[in-house]
Amino acid sequence: MGSRSSRKTLETKNPKKYSGKIGLVVLDHFITYKHPGFENERLILKTWIEGHGNVKSVRRTEIIRKKDNLLIAAARTTWCLMDLINFRPTRITPEITAPYFKE
């Protein structure tokens, strides 16, 4: 359920009481390819949470070629927070989001 990295992020950024109880599932994933990338090019990867609602969150990703700052690809992924005990969507609470939006 969700990727290994999303599970690890949830486990490291949230209280232990959520360990093994919540997870992320991808609802949709869109990639826009702008320019080709080639082997041995240095790339910059940027990712951020664009926003979230009751049970869904949207993460954006950009892949940029370092030598000229050219956008190679952009992605938008919608995730759903799931209760792993009963396999149903669960509310994204302020306690869960706080570690991601520190000022």
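**Salt bridges in the predicted model**

Four salt bridges turn up in the structure, which is a predicted model. Three of them are walked through here, starting with the one that reaches furthest into a loop-and-strand pairing.Glu41 and Arg65 come together through their side chains in a salt bridge, with N to O at 3.4 Å. Glu41 sits in the loop between strand 1 (22-33) and strand 2 (43-52), while Arg65 belongs to strand 3 (residues 56-65), so this pair ties together parts of the chain that are 24 residues apart in sequence. As for surroundings, Arg65 has a relative accessibility of just 11% and counts as buried, because the cut-off for buried is under 20%.

Arg65 has another partner too: its side chain meets that of Asp68 in a salt bridge, this time at 2.8 Å, N to O. Through shared partners, the salt bridges join Glu41, Arg65 and Asp68 into one network. Asp68 itself is partly exposed, at 40% relative accessible area, whereas Arg65 is buried.

Glu50 and Arg60 make up a further pair, and the closest N and O atoms of this salt bridge lie 2.8 Å apart. Here the link runs between strands: Glu50 is in strand 2 and Arg60 in strand 3, so distant parts of the chain, 10 residues apart, are connected. Both ends get some solvent access by the numbers, with Glu50 partly exposed at 44% relative accessible area and Arg60 partly exposed at 27%.

Notes
Residues numbered from 1 in each chain as written. Predicted model: local features only at pLDDT ≥ 70, side-chain atom pairs only at ≥ 80, totals over all residues. Heavy atoms only, no water. Helix = DSSP H or I, 4+ residues; strand = E, 2+ residues; numbered from the N terminus. Buried < 20%, exposed > 50% of the residue type's maximum accessible area, 1.4 Å probe, protein only.
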